[in-house]
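Student: Can we go through some labels for this model and check each one against its cut-off?
Tutor: Sure, pull it up and ask away.

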Amino acid sequence: MANTEQEMTSVEDVEWPDRWNHLCKFMERTGPFAHPDFEPSKEMLDFIKSTCKILVVGAGGLGCELLKDLALMGFQLIDVIDMDTIDVSNLNRQFLFRHYDVGQPKAKVAARFVNERVPGCKVTPHFCKIQDYDEDFYRKFHIVVCGLDSIVARRWINGMLLSLLNYEDSMVDQTTIIPMVDGGTEGFKGNARVILPGLTACVECTLDLYPPQINFPMCTIANTPRLPEHCIEYVRILQWPQEKPFGASVAIDGDDPSHIQWIFEKSVERANKYGIVGVNYRLTQGVVKRIIPAVASTNAVIAAACATEVFKIATSCCMPLNNYVNFNDTEGVYTYTFEAEKKDDCLACSQIPQKLQFSEEAKLREVLDYLTESAAYMLRSPGVTTMINGKNKTLYMQTVKSIEEKTKENLSKTLKELGLEDGQEIYVADLTSPSSLTFQLQLTSKMEKD
């Protein structure tokens with residue numbers, strides 16, 4: 001064991017002539033594309049290697065590419081956070097993993113691989129949810145780069161970085177800004193973007209750019225299935241809770257092969273009943289886990305774009321992307337860059353309470369349905385509190401079972417019955433944000449409506 005540690009230490013200390021020559025060409029001389037504040041310096045390489053702290057969120061298809069690219073670009077203080085373990089299906093594109101790594105945490109295996117292959121690099125893994133850390137953890141990084149497959153996670157990270165901002169006379173204190181570089185892929189399509197929280201368009205500003213999640217009508221699933229996906233959804237939504245194959249309190253775990261196998265077999269039975277072909281294990285897992293097909297080459301292109309933006313932000317050697325680029329290679333190679341505009345009334349970054357217009361006779365359930373179904377908000381499991389007579393009152397909270405049981409009856413009450421008035425603020429907690437969202441009610445009476 002001692003010999004192994006000694007060998008690793010000696011490897012980390014290895015440097016060779018011109019190792020970083022490709023970087024020095026950008027950092028030690030100026031050029032026509034340099035940032036106006038750029039000052040060529042030999043000390044910049046030391047900043048990249050020993051000072052600049054990067055957080056990579058996600059260690060999947062994009063994350064593996066990002067870790068490799070960043071390490072080879074000289075960034076040596078990297079943290080990576082991911083809550084998933086390695087599955088066999090990951091091995092065709094997530095190249096930091098091997099078959100013997102299946103079942104192990106992605107973050108830990110990816111960090112170990114990069115540390116062993118890139119001398120001097122110190123990748124620190126975090127095998128947990130992004131929500132497990134507070135502001136102090138995220139505040140210590142210079143740049144956050146995301147390689148996520150979840151819109152909810154993107155929105156949460158976006159909200160966290162916005163919560164770290166300080167304002168002076170309604171102006172953002174730029175020393176509190178932590179830039180966020182975000183990449184996403186879907187098959188042969190991808191995008192990369194640069195977000196300067198408080199200054200440029202954030203994730204919430206462009207929420208309508210994300211496609212809505214595909215949901216099949218329940219009547220089709222139950223009565224007239226036509227696609228293999230209909231059969232799988234029927235088993236997932238209806239048969240699982242009815243038959244309780246692994247116990248009454250066991251929810252579906254998309255990473256548990258026994259769960260997927262059971263759903264697959266039942267789906268095949270239903271597909272045969274209706275003469276539907278195409279149900280297989282991989283499709284079953286994809287439907288259950290909402291997996292989007294991934295292509296290794298697209299991941300490589302988008303990760304390279306993101307890593308380049310990280311380098312540009314860290315050094316100012318070139319102007320950063322302004323601020324969104326689309327990539328498509330379904331028929332040839334096509335890219336398009338545009339500036340996503342910051343919304344003046346953005347839910348997350350505008351500092352302005354959102355206005356909700358309802359009749360005072362509207363039920364609380366209608367408000368929650370609007371917040372979850374509206375393309376402007378797309379909340380997942382909102383809980384609502386407010387202030388009445390100077391005291392905090394929980395109107396509904398579904399994430400805590402005991403509170404959900406006590407407040408469930410409020411869903412059928414009108415806003416008037418709940419004591420809510422025109423102009424009153426309600427505070428909404430949701431999985432998409434690390435902090436409560438503020439809404440201002442604009443209520444109309446029945447008389448005004450008539």
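Tutor: What follows is a run through cysteines, ring pairs, a charge over a ring and a pocket.
Tutor: This is a predicted model, where local features need pLDDT of at least 70 and side-chain atom pairs count only at pLDDT 80 or more, while totals for chains, interfaces and linings use all residues. Residues are numbered from 1 along each chain as its sequence is written, and side-chain values use heavy atoms, with hydrogens and water left out.

Student: Why is Cys346 not bonded to Cys205?
Tutor: A disulfide is a pair of cysteine sulfur atoms within 2.5 Å. The closest cysteine sulfur to that of Cys346 is in Cys205, 3.5 Å away, so that's too far for a bond. By this rule, the disulfide count is zero.

Student: What makes Cys346 buried or exposed?
Tutor: Relative accessible area, computed with a 1.4 Å probe on protein chains only: under 20% is buried, over 50% exposed, and in between is partly exposed. Cys346 comes out at 1%, so it's buried. Cys231, at 0%, is buried too.

Student: How many aromatic pairs are there?
Tutor: The structure holds 13. Rings of Phe, Tyr and Trp (its six-membered ring) pair if their centres lie within 6.5 Å; planes under 30 degrees apart count as stacked, over 60 as edge-to-face and the rest as tilted.

Student: Why is the pair Tyr324 and Phe338 called stacked?
Tutor: The ring centres are 4.9 Å apart and the planes sit at 25 degrees, so stacked it is. Tyr324 is in strand S9 and Phe338 in strand S10, 14 residues apart. Tyr324 has 5% relative accessible area, so it's buried; Phe338 has 22%, so it's partly exposed.

Student: And what makes Tyr377 and Phe439 edge-to-face?
Tutor: Their centres are 5.4 Å apart with planes at 80 degrees, so the pair is edge-to-face. Tyr377 lies in the loop between helix H13 and strand S12, and Phe439 in strand S15, so the pair ties together parts 62 residues apart in sequence. Tyr377 is buried at 6%, and Phe439 is buried at 0%.

Student: How do you know that Arg270 sits over the ring of Tyr234?
Tutor: The test is NZ of Lys or CZ of Arg within 6 Å of the ring centre and within 35 degrees of the ring normal. The charged end of Arg270 is 3.5 Å from the centre of the Tyr234 ring, and it does sit over that ring.

Student: Which residues lie nearest the centre of the second largest pocket?
Tutor: His35, Pro179, Leu196, Ile313 and Pro320, out of 18 lining residues.

Technical notes
1 Å grid on protein atoms, 1.4 Å probe; cavity = no way out; pocket = protein on both sides within 12 Å on 5 of 7 lines; lining within 4 Å. Helix = DSSP H or I, 4+ residues; strand = E, 2+ residues; numbered from the N terminus.
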